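Here is a short report on the inside of one protein chain. Look through the sequence and the model before reading on.

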Amino acid sequence: MNARTPADHLLQSADALSHISKQWNDDIVRQLTDYIAIPAKSPGFAPDWEKLGFIDTVVRNAASWAEAQKVEGLKLEVVRLPGRTPVIFFEVPGTQPGANNASAQTVLMYGHLDKQPEFEGWRNDLGPWTPKYEDGKLYGRGGADDGYAVYASIAAVQELKRQNVMHPRIVGLIETCEESGSADLLPYVDLLKTRLGDVGLVICLDSGAGNYDQLWLTTSLRGMASGTLKVEILTEGVHSGDSSGLVPSSFRIMRMVLDRLEDSKTGHLLPQSFHCEVPADRMQQAGATAQILGDELYKRFPWAHYDCGGATTFALPTTTDPLQALLKRTWEPTLSVTGAEGFPALKDAGNVLRPYSAFKLSLRLPPLVDAVACLDELKTLLEDNAPYQAKVTFKPDGAASGWNAPSIDPWFENALNAASNAHFGADCGYIGQGGTIPLMNMLSKGFPTAQMMVCGVLGPKSNAHGPNEFLHVPYAKKLTAAVAQVIASMPPSVG
């Protein structure tokens, strides 16, 4: 135990990073290696998750590891509601004066243990469930999104205890339904609300980083609306030579219907209600971030390329202007087709006019747009007045509105910069993210004055949800130490 007294609020940064790095090397990397090997797919991709038992396994492993750390005062339990995925809830009493009074503010640490499905295209020596540690990167599904969060959170609290640094009351909530839209989370938040306390700081480690050279604070998240669009023109497939030209292709009708939603030449979504104005402070931050990251904002992606006359030609982004690149992936609505049905594999494709086409649509929506209202408007837009009186149906999967961070308090801004400089040698960066974390809106509504430390390890080429996903371990070590330092900097709140 460090000999410093409880009256000392300052975390010794170098000592913290050294000790946390050793813990990652000696233990956490091994824990995450075991975690990656377990196909704990989110219930949206594994409806039989309860029977499979993989989610229960990763929850049990993480809970057992956390309890084995013997963090002073830590109480942990796995909470279960009938028919819902489980959550891990932990709490650590505060050591600041008045930290455990009913009116004192609490730190809430969040993460999730469920995973996206396998996806194709992994390197020959890699795979979603075959972890590999190489050049500081731990490859495999879920390590960076977001299995590391519970381990990093406990390690950060453990370091505060090891250095005998005073801290507020801390609680943790680790869910297992995030990749399915956190459908099970709100009932647990309601159940645990009195135990959460008055949350003054949220630490969510499920986000991204603009680079691996500084701490990054997420300032906004896009919303999402998704569903399946299906176009039916026949009851069964027919010979294309006999029917094409007279029977309209379901794929062409699909294109006509999608033209109502998107300008295919530009990718611009046509409904005005799907757009919003970017707030002035976010524009200013985006400008500063664009200066920092430059062309890395688009070069970070694995562009297709081919040889053309002896020179390598790369596919192009929608823009090469850094500011526009940043805004397009954080504040503009975008349509993606993420799956298809009704199409045979190429090797099985005969001369048959298919009876139907179905696309899985995923819309990313600006942070200030109501996703539920968009989903309702989308269904009407796609279904009404179908071309050729085809049967066109849109079946919504769900919607989650985006999030715009609250104004930053001076203490929090100073703490972020101090932690970033201590562990990275640069000020904290501010960046919007294109993904969706439904919990953030819930927490902002429930705790409107709370500061939001939304960070993560998903930096350049980390490729969450896709092939070759990796956790950048050196960055994760520094992020863990930075989290501990920010918690230590939170002012005492005496009820």
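Which residues lie nearest the centre of the second largest pocket? They are R282, Q285, P406, S407 and I408, out of 15 lining residues. Keep in mind that this is a predicted model.

**Pocket and cavity**

Strand 8, helix 8, helix 12 (410-424) and strand 21 (451-454) each give two or more residues to the lining of that second largest pocket. The count of cavities of 30 Å³ or more comes to one. Its lining consists of T219, S220, R282, Q285, A286, L326, L327, T330, W331, Y430, I431 and G432. R282 and Q285 thus appear in the lining of the largest cavity, and R282 and Q285 are also among the residues nearest the centre of the second largest pocket. Four elements supply at least two residues each to the cavity lining: strand 8 (216-221), helix 8 (280-293), helix 10 (322-328) and strand 20 (429-433).

The table sets out volume and lining class for each space.

| Space | Volume | Nonpolar | Polar | Charged |
|---|---|---|---|---|
| Second largest pocket | about 220 Å³ | seven residues | five residues | three residues |
| Largest cavity | about 80 Å³ | six residues | five residues | one residue |

**Nonpolar cores**

In soluble globular proteins, nonpolar side chains tend to be buried together. Here the largest nonpolar core has 90 residues. W24, M453 and L471 have the most contacts inside that core. Setting aside neighbours within four places in sequence, W24 is in contact with V29, L32, Y148, A152, L471, V473, A476, K477 and T480. Another core, of 26 residues, lies apart from the largest one. Its members include V79, V87, L108 and V189.

**Helix 7**

Helix 7 spans residues 250-258. Its buried residues are S250, I253, M254, V257 and L258. Why do they line one face of the helix? Seen down the axis of helix 7, these residues fall within an arc of 135°, so they share one face. What do they pack against? The partners are strand 9 (223-232), strand 11 (262-263), strand 15 (334-341), strand 17 (356-365), helix 11 (371-383) and strand 18 (391-400).

**A glycine in a loop**

G53 sits in the loop between helix 2 (49-52) and helix 3 (54-68). Is G53 buried or exposed? G53 is buried, because its relative accessible area is 17%, and buried means under 20%. From G53 to R300 the separation is 247 residues in sequence and 36 Å in space, C-alpha to C-alpha.

Conventions: Residues numbered from 1 in each chain as written. Predicted model: local features only at pLDDT ≥ 70, side-chain atom pairs only at ≥ 80, totals over all residues. Heavy atoms only, no water. Core = buried A, V, L, I, M, F, W, Y, C linked by side-chain atoms within 4.5 Å. Buried < 20%, exposed > 50% of the residue type's maximum accessible area, 1.4 Å probe, protein only. Contact = heavy atoms within 4.5 Å. 1 Å grid on protein atoms, 1.4 Å probe; cavity = no way out; pocket = protein on both sides within 12 Å on 5 of 7 lines; lining within 4 Å. Points joined across faces, edges and corners; volume = space filled by probe spheres on them. Nonpolar A, V, L, I, M, F, W, Y, C, P; charged D, E, K, R; others polar. Arc of directions from axis to C-beta.
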